[in-house]
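Reader: I'm new to this one, so please put it up and walk me through the terms.

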Amino acid sequence: MLQVILDELKLSGTKLVAVSKTKPAEQIMEVYKQGQRIFGENRVQEMAGKYEELPKDIQWHMIGHLQSNKVKYMAHFVSMIHSVDNFKLLKEINKQAQKHNRIINCLLQFKIAREETKTGFDIPVARQMLEDEAFSNLRNIKICGVMGMATFTDDLLQVRSEFQKLKSIFDQLRQDYFFEQPAFKEISMGMSGDYRVAIEEGSTIVRIGSLIFGKRI
Ligand SMILES: *Cc1c(COP(=O)(O)O)cnc(C)c1O
């Protein structure tokens with residue numbers, strides 16, 4: 001299955017985060033042996049344990065809702081944090097990255113879904129942060145783009161319109177705040193059920209779990 005997905009992604013130049021949450025190290029190694037190096041997790045402690053156990057050339061992406069007090073457990077190794085949804089969290093990531101003399105790649109998560117359960121910035125709050133002087137003083141984080149999760153529904157028209165919304169947020173922010181920063185280039189959207197739609201709407205990173213690893217119990 002992995003190879004089928006990778007062949008599909010190749011055409012559009014989209015990167016794959018293989019979402020390995022709840023899956024054991026042995027199963028991750030099977031996918032690793034097929035060449036995959038980017039894995040995504042949604043819980044810090046679980047990711048930190050797998051980081052210790054598994055090959056060190058794996059790039060670990062944090063994709064789940066994140067509490068500030070957990071950042072310290074992954075600041076020494078995390079490759080990208082997709083789920084930055086408030087300023088306080090970003091400041092904490094910067095602080096912990098500084099301790100390890102690193103720059104941590106971050107995506108700003110936007111709320112595009114109808115569901116109340118999904119967190120994220122809205123445009124005004126994001127603008128407020130990006131215009132804050134304290135933001136421009138953060139030297140140990142790099143904002144690489146945006147992330148969003150569509151509503152959990154079979155209605156792919158709804159999903160498509162939410163992905164279009166995220167793409168338009170990305171375009172606005174790039175124009176207004178990141179115009180001369182080529183690092184701001186990622187749109188992380190699309191999961192097992194909707195990644196094809198996401199790619200059509202401009203996704204640069206898809207996060208796929210169950211299609212690769214099988215259903216989670
Ligand atoms: C679990 C998860 C995914 C992957 O979901 P699948 O439907 O298994 O592909 C993607 N993104 C986030 C944020 C997740 O928590």
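Reader: Which pocket does the ligand sit in?

Author: The largest pocket. On a 1 Å grid over the protein atoms alone, a pocket is an open set of points with protein on both sides within 12 Å along at least five of seven lines. A molecule "sits" there if more than half of its atoms lie within 2 Å of the pocket's grid points. Bear in mind that this is a predicted model, where local features need pLDDT of at least 70 and side-chain atom pairs pLDDT 80 or more, while totals for chains, interfaces and linings use all residues. Residues are numbered from 1 along each chain as its sequence is written, and side-chain values use heavy atoms, with hydrogens and water left out.

Reader: What makes a residue count as "around" the ligand?

Author: One of its heavy atoms has to lie within 4 Å of the ligand. Val19, Ile63 and Gly209 are among the residues that do. The shell divides into six nonpolar, three polar and three charged residues, with glycine counted as polar, and Asp, Glu, Lys and Arg as charged.

Reader: Why is the lysine 21 pair with the ligand called a polar contact?

Author: The term asks for a pair of N or O atoms within 3.5 Å. A polar side-chain atom of lysine 21 is 2.7 Å from a ligand oxygen, so the pair qualifies. For serine 192 the distance to a ligand oxygen is 2.6 Å, and for arginine 216 it is 2.8 Å. The protein buries 90% of the 390 Å² that the ligand exposes when taken alone (Shrake-Rupley method, 1.4 Å probe).

Reader: How are the rings of tyrosine 51 and phenylalanine 77 arranged, and why is that name used?

Author: Rings pair if their centres lie within 6.5 Å; planes under 30 degrees apart are stacked, over 60 edge-to-face, the rest tilted. Here the centres are 4.1 Å apart and the planes at 5°, so the pair is stacked. Tyrosine 51 is in helix H3, phenylalanine 77 in the loop between strands S3 and S4.

Definitions and conventions
Polar contact = N/O pair within 3.5 Å; in protein donor to acceptor, adjacent residues only side chain to side chain. 1 Å grid on protein atoms, 1.4 Å probe; cavity = no way out; pocket = protein on both sides within 12 Å on 5 of 7 lines; lining within 4 Å. Phe/Tyr/Trp six-rings, centres within 6.5 Å; stacked < 30°, edge-to-face > 60°. Helix = DSSP H or I, 4+ residues; strand = E, 2+ residues; numbered from the N terminus.
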